[in-house]
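Reader: I've got a structure open and would like to talk it through. Could you take my questions one at a time?

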Amino acid sequence: MTIDVVGVTKRFKTFAALDNVSLTIRTGELVALLGPSGSGKTTLLRIIAGLEWPDSGEVRFDGEDALSRSVRERNVGFVFQHYALFRHMNVFENVAFGLRVRRGADKLPEAAIRAKVNELLHLVQIDWLAERYPAQLSGGQRQRVALARALAISPKVLLLDEPFGALDAKVRKELRRWLRHLHEELPVTSVLVTHDQEEALELADRVVVMGHGKIEQVGSPGEVYDNPATAFVHDFIGETIALPGEVKGGALYLGGRALGLDPQGVADGPARILARPHDVDLADPSASAISGKVLSVRTFGPTRRADVQLNGSSGPVVVEAAVPHGQDLAPGTEVGLKPRRYKVFAA
Amino acid sequence: MSASSSRLRFRQPSVIPGFGLTLGLTLTWLGLIVLLPLSALFIKTSELSLERFIAIVTATRTLHALQVSFGLAFAAALVNMVFGAIVVWVLVRYDFPGKKIVDALIDIPFALPTAVAGIALTSLYAENGWVGSLLAPLGIQVSFTPLGILVALVFIGLPFVVRTVQPVLADLDQELEDAAASLGATRGQTLVRVVLPSVWPALLTGFALAFARAVGEYGSVIFIAGNLPGISEIAPLLIVIRLEEFRYADATAIATVMLVASFVLLLIINRLQRWAELRGSKHG
């Protein structure tokens, strides 16, 4: 099912949770809404679900107006951040809930309900837990129950709010792969909300990066990582070295020194030069425009990072640079930095 | 077998200190405040011969008083459970001007001297009272009938239900109702299948408290009841009457029956509530 969000605005008192947001999600896609807390991603998800109504704008499912339908009538599967399992029902009854509340012509006979629930429990690989109660399950198991319950109503749209947020790192990774696999097996369009960039980049076909109630960039995981559209996206996704520079007469300056770097069309004025740590090489300080003093060197796992203090246009700046293996770097030495790839944005 | 493993598994190893001290204090306190007066009651009762005891307890007047007390207390607790649940729903779920005042009003029956409540209710519901004069043409008489007792017991029992259920409903995760709605449940189905089972143990506790209070209620009831033996005479009043006649053993016999009956009923409600809770949370 195609989901169209057109010009949606939502305010909570004076705070604009969503500011004129438009987005198209194609049939069968798995889209991640990625952003820091307060960016409006959960509000957007809840508006798509029908748990929240926008102040203005439209939401369309396959071209049909969805806002005139309540959450009951939209037939969307929703997985809540804290699962929202019914504590007084066992796993089987939790999954069967969506089928049991059907009335009239849609009502299923008991045998059909049992068959469907067992099939779903098998799909999410927890058949053996059918008689347990939610309090007796681990976080990962609850997550699977929540997913099976949402899938019971055969939704065309599956919405997941921070589905792995409450799980430990190992289980999270395992479930992530499993969810991707599940999405491919089912005829469903999925939207996932997360603040974890790794999760979004690994899982999604397309990533929607949100900040301050606006969409900053929509693109494939590769696009948003390699070609961030705004400084916000560059900062938020992946690691970033940020240098406060200045564009003067079509050239980039840092602390009064010409850098010899391309200002990438940014107009005269203060600018930010952003680069990934692994795209910045260490160089001979006398031969490079950017140089500074090493404050400390840290090693974690396979990577080594040096804190380098530079002289920016307004006081000293400390950046984190990647240190190649086999290179010794004592605190206090002068090093030069040479960005291979970088982005310039007006500050 | 070593000495430690053959000891009773009475005391679990725990990081919380002071088990011996606090248990001792608890038992001493319970003994002094609760058990001592109760055992005095039983000792006094035991002065009666069994035949005499049975004769007192099965006297028509006694049986009727007990029936009035327990029956009306049960009915009043039921009424309070239903309407208390509605009051809680409104107080927790909606915002309206004057909500704080309404919330404070709930506690009035706690604080008001019961005699004051009884007199106020009697004058309201008497045939020439504000409410009573409206009901009289319909042939409904409240004051000086069992219906009046019910009104008084409902009045004093309401805060028990409201104050036990309120925090539980307030803590109920809104997401549960969102989840039910997203699965296609109507508001009614959500209420019956999700909300009610979640607050059910608290509702039962509120019911038990309201019931217990109503069984023993004296002050407010005697003004409105009319106290006709066999019609609107409650057991606590009968006890007082026997005391005034210096028939102490008779009084304690009735009291003993009330005590045992209350204890059994509360125990049943307690079991019910535990069962409802267990179904919901920890299994093993």
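Reader: How many bridges join strand S12 and S13 of chain A?
Author: Keep in mind that this is a predicted model. Strand S12 of chain A covers residues 251-254, and it runs antiparallel to S13(A). The number of bridges in that pairing is two.

Reader: Which residue in S13(A) is the bridge partner of A:Leu254?
Author: Strand S12 of chain A takes in residues 251-254, so to speak right up to A:Leu254. Strand S13 of chain A is 257-258. The bridge partner of A:Leu254 there is A:Arg257.

Reader: Which are the edge strands of the sheet in chain A?
Author: Five strands make up this open, antiparallel sheet, in the order S13-S12-S11-S14-S20 of chain A. An edge strand here pairs on one side only. That picks out strand S13 (257-258) and strand S20 (343-346) of chain A.

Reader: How far apart are the C-alpha centres of the two domains of chain A?
Author: Chain A splits into domain 1, residues 3-231, and domain 2, residues 240-346. From the C-alpha centre of domain 1 of chain A to that of domain 2, the distance is 41 Å.

Reader: What span should helix H6 of chain A have, and what is the distance between its end C-alpha atoms?
Author: Helix H6 of chain A has 17 residues, 169-185. At 1.5 Å a residue they should span 24 Å, which agrees with the distance in the model. Between the end C-alpha atoms, that distance is 25 Å.

Reader: Where do the buried residues of H6(A) sit, and what do they pack against?
Author: The buried residues are A:Arg176, A:Leu179 and A:His183. Looking down the axis of H6(A), they fall within an arc of 70 degrees, so they line one face of the helix. On the other side, A:Lys170, A:Arg177, A:His181, A:Glu184 and A:Glu185 are exposed. The buried residues pack against strand S3 (30-34), strand S8 (189-194) and helix H7 (197-203) of chain A.

Reader: Which element gives the largest share of the side of chain B that touches chain A?
Author: In this contact, 20 residues of chain B meet 21 residues of chain A. Elements giving two or more residues on the chain B side are helix H10 (174-182), helix H11 (187-216) and helix H14 (248-280). The largest share is six residues, and it comes from H10(B).

Reader: What percentage of residues 66-269 of chain B is helix?
Author: UniProt, in an unreviewed entry, places "domain: ABC transmembrane type-1" at these residues of chain B. The end C-alpha atoms of the stretch are 19 Å apart. Strand accounts for 0%, and helix for 78%.

Key. Residues are numbered from 1 along each chain as its sequence is written. Chains are lettered from A and ligands numbered from 1 in the order in which they are written. This is a predicted model: local features need pLDDT of at least 70, side-chain atom pairs count only at pLDDT 80 or more; totals for chains, interfaces and linings use all residues. Two strands pair if DSSP finds at least two bridges between them. Helices (H or I, at least four residues) and strands (E, at least two) are DSSP runs, numbered from the N terminus. UniProt positions are given in the numbering used here, feature names are shortened, and annotations may be inferred rather than shown by experiment. Domain bounds come from an automatic or database domain assignment. The expected span of a helix is 1.5 Å times one less than its number of residues. A residue is buried if 20 or more other C-beta atoms lie within 10 Å of its own, exposed if 12 or fewer, and partly exposed in between; C-beta atoms are placed from the backbone. The arc is that of the directions from the helix axis to the C-beta atoms. Two residues are in contact if their C-beta atoms, placed from the backbone, lie within 7 Å.
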